[in-house]
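Biologist: Please take a close look at one place where two elements pack against each other, and then place a few single residues around it. I would like the cut-offs stated as you go.

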Amino acid sequence: MATEITVGIAGAAGDGLDRTGDTLARTAARLGLHLFTYNSYQSLIRGGHTWLRLRLSEEEVDNHGDPVHVLMALNQDSIERHAREVEPGGAILFNSARFTCDPSLVPDGVTLVPLPVPELTNPLGKLPPVMQNTAALGALLHLTGFDLEVAADILTETFKKKGDEVIQQNVGVLRAGHEYAARRFPSLGYRWTFSRKRRPVVTGNLMTALGAVAAGCRFYSAYPMSPASFILHWLAAHSERLGVLVKQAEDELAVVNLAIGAGHAGVRAMCATSGGGFALMSEAIGMAGMIETPVVVVNVQRGGPSTGLPTKSEQGDLNQAIGASQGDYPRVIIAPRNAIDCFHSAVEAFNLAETFQLPVIILSDLLLGEHRSTVDPEAVPHDVRIERGEWVTALEESMRNGGYKRYALTPSGVSPRARPGLPGLIHVSGTDDHDEQGVLISDEHTNAAIRRKMHEKRMRKVDGVLARLRAPALEGPAAAEVTLIGWGSTGGVIAEAARQLTRDGLATNQLHFKYLHPFHATEALRILKGCKRPIVVENNFSGQFARHLRAETGFGVDHVLTRYDGEPFEPAYIARRVKAFAGGRPLDLRVEESEARETAYHYIRVHMDDKTRPRRLTPDGRGYAEPVWEVELVSRENGSPAGLLIIGMDTGSIYECREPVASAAGAGRTAERSG
Amino acid sequence: MATATLTLKDLEGAVHPDWCPGCGDFGVLKSLKEAILELGIAPHEVLVVSGIGCSSNLPGFIRAYGVHSLHGRAVPVASGAALANHALHVVAVGGDGDGFGIGMGHFIHAMRRNLNLTYIVMDNEIYGLTTGQASPTTSEGHKTKSTPRGNVEKPVQPLTLALAAGATYVARGFSGEQKHLTRLVSAAIAHKGFSLVDVFSPCVTFNKLNTYPWFKERVYKLEDEPGYDSTDLLSALGRSLEFEPRIPIGLLYRTERPTYEDTEPVLRRGPLVDHPLGLDRATLDEILAETM
């Protein structure tokens, strides 16, 4: 079995967590490891907490996995929140000059690695607080058996522009941390085989942008919106080098209409946004369908509805993508599965958009767009196939009768395009319905016969698209008790969940969908009919894909396994829920202990000025309309009792916060605090 | 040049205008055609982009490339096309509801950008296609279908907004002064940068207040004003606010500043639409190496 480790780095925004994570990721990647990282920022309920998990493995990994082996805690909160999660055999690193770790939080078999950072960096002079990360990274390299010199090289490259002094400080602190740990702690015993094959460390957003550029995207417009903004930033930074005109516009209405204008003029054009911006783009996406202009629209989904969860992941915009814009029009919806698939999906999107002259929607999401993973450089081609579809460049003899017909009624539904600016091919493209030449049939002389044929022509293109899309297929064991069905970014995590379930004796396979519209209904139904227990797994509340599947195939699945707390799935989470369903246990929606703790953190931040922390949580059934969690709060300063917070187990409501009696916490619950 | 022999007839679109007899938009259409002839531009080098409304039907009535886009979106669609192929003469057209109501945001921002395009607004102070509701330029007190007790909102001042937003050519015409309008449109198309021509184009069916006689009584030509300096922004701002009892028409303001196209490095290699597609291996490898 491949050796692998998951490192969790936790802290607040501003703790320098991103850079430390980046150095570690690149170190692992240079050693030849594969990786998948997920950064849960502004995590859960409490603001300002960031939780970065880096899964590093000798083999390819396609999700961030379940366990945490090493915790690097950059503040006190992070120790208290995550220490319990560390696996036996693992370690917890923290700056012992600033923080403490209550031994009761530490699971058996976990090594506590307190680092007296000021002491060990003393010889290097006065350093900024963020240097504690570098010291911890040095110690971590020792514990995990990673090559110190590779990380030192990366720091040297990173700080090249800041001069020798900064380089020496950083590398010095890294070495000091490493040396300190090496003297006092045995390594954790990982046996690595480092191939030292260097692989790019990419995000889904980068690969979408790169795929678009390889495909010949020459125009990109956007309005800032998380989590799609990286595409704007990256393309803007590399605009000249890549020859892509990048335009930030006043709103998403302008964004999509700019892209459609550029597409109409003959340039490959793309725009990206998230759900809210996509909603504003809706009307124009229908226009692209009506005037038959190619455009690629990327929706990097985040938690909705409305402003929702700007920094959280969700697959909640499928209904919106399917329902975008009024009326029926041809369009394609593609949901890439992983980073490399983002690259290929962008290429495919442009080819379909131009070949069939229609809008193509790419449904990515925050997890897919922002996670980092390694890809094989050979798997990223530069010379992708570019298909620009049918064009007319001059008036041909056959068109003389009535001139050029921009919307010629053809068997395929595709009418050869003409680029504005060419002589002899003048035409108007109208959003009112129109005849073959583009003359409106809506205003003065509405014409039912032409309308019918023109509508059929446009919609016929969908058949042509479908014929080009790969049909879905089962992955995993053919004879399975359970089939997990998913779409888009969950492909990797579902695959691992299926392997876990199979290993545990419940043979499970997977049916994954990348092409959501048009839909391979016949093939999907054939497969579904052979599945014993089909379960849809998706990152939204209502099971949007399960409903889509039923609409397309008439097939209703046995169960829909959803998650909508803003966090992406982990494999064990899926496996646990599948087992519960298979065992006939009803879905338990009660507030879990960890959730009650996060609710308490929220209360403490809003009502107690962050001066307390939750210590012990006890379930209790008395005195309230529902069972509750009693959360014992203690002072952050001296650990003295600071109150008892009552949280409903069913509703999650915070009933009250009782102040403690000075002498006996817990026993004397008297005064009520405003809740 | 080859277009020297063209006549107005050669610029007729596929169908005859469906506007009401006497509609001000006829004058605007004629002025646009005359300007194209006067400038010697070949019709296939012109792209006319409109929104939705009576006036936005114009692309169908002129022999030039056209996009009859969405309500309020003529300017961004035109902007995208202009950026994609700056060899084209791009003219956006539409009404006051289209440009100053639903499309107001785009109007302001397009002028900040100073893209090389011309925007002609057929301003009739009413929603005509939807049969007579108050528009953003409807006068205070005007009784319309949607304001039966009289409009209580102040009308927008498009020229003031244009001057404040950085438009580099700002003019107002009147379709009752069609030859005068042609000169304004022609200079607008010839202007390098964003040019706005706001045209009083009376709606003879739904606006019984702002009629031809109403405008004729009020308009005066700026070029007839001794000492008016169309390069002076403050003078232009002052005139842009005049509405009663006299309304200025003509060129309010004109200045030179680099166009968006001039400052966009990617366009140094010529029109975007002619750029080769794809990515070379060396650049791709460099990009990938930056992540390692």
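Modeller: A residue is called buried under 20% relative accessible area, exposed over 50% and partly exposed in between, with a 1.4 Å probe and protein chains only. B:Thr160 counts as buried because its relative accessibility is 17%. This is a predicted model, in which local features need pLDDT of at least 70 and side-chain atom pairs count only at pLDDT 80 or more, while totals for chains, interfaces and linings use all residues. Residues are numbered from 1 along each chain as its sequence is written, chains are lettered from A and ligands numbered from 1 in the order in which they are written, and side-chain values use heavy atoms, leaving out hydrogens and water.

The packing to look at is that of helix H10 of chain A (residues 252-264) on helix H2 of chain B (residues 74-84), whose axes lie 6 Å apart at an angle of about 45° (helices are DSSP runs of H or I of at least four residues, strands E runs of at least two, numbered from the N terminus; axes are fitted to C-alpha atoms, for helices over the stretch in contact, and angles run from 0 to 180 degrees between N-to-C directions). H10(A) is therefore oblique to H2(B) (under 35 degrees is roughly parallel, over 145 roughly antiparallel, 65 to 115 roughly perpendicular and the rest oblique). On the side of H10(A), A:Ala254, A:Asn257, A:Leu258, A:Gly261 and A:Ala262 make the contact, and they meet B:Pro76, B:Val77, B:Ser79, B:Gly80, B:Ala81 and B:Ala84 of H2(B) (contact means heavy atoms within 4.5 Å). By class, seven of the residues in this contact are nonpolar, four are polar and none is charged (Ala, Val, Leu, Ile, Met, Phe, Trp, Tyr, Cys and Pro count as nonpolar, Asp, Glu, Lys and Arg as charged, the others, Gly among them, as polar).

Another link between the chains involves A:His427, found in the loop between strand E16 (417-418) and strand E17 (428-430) of chain A. A:His427 counts as buried because its relative accessibility is 3%. Leaving aside residues up to four places away in sequence, A:His427 touches A:Tyr404, A:Arg406, A:Ala418 and A:Gln437, and also B:Ala64, B:Tyr65 and B:Gly66.

B:Thr160, for its part, lies in helix H5 of chain B (residues 158-165), and, with residues up to four places away in sequence not counted, it touches B:Leu237, B:Ser240 and B:Leu241. A:Gly145 sits in the loop between helix H4 (131-144) and helix H5 (148-158) of chain A, and counts as partly exposed because its relative accessibility is 36%.
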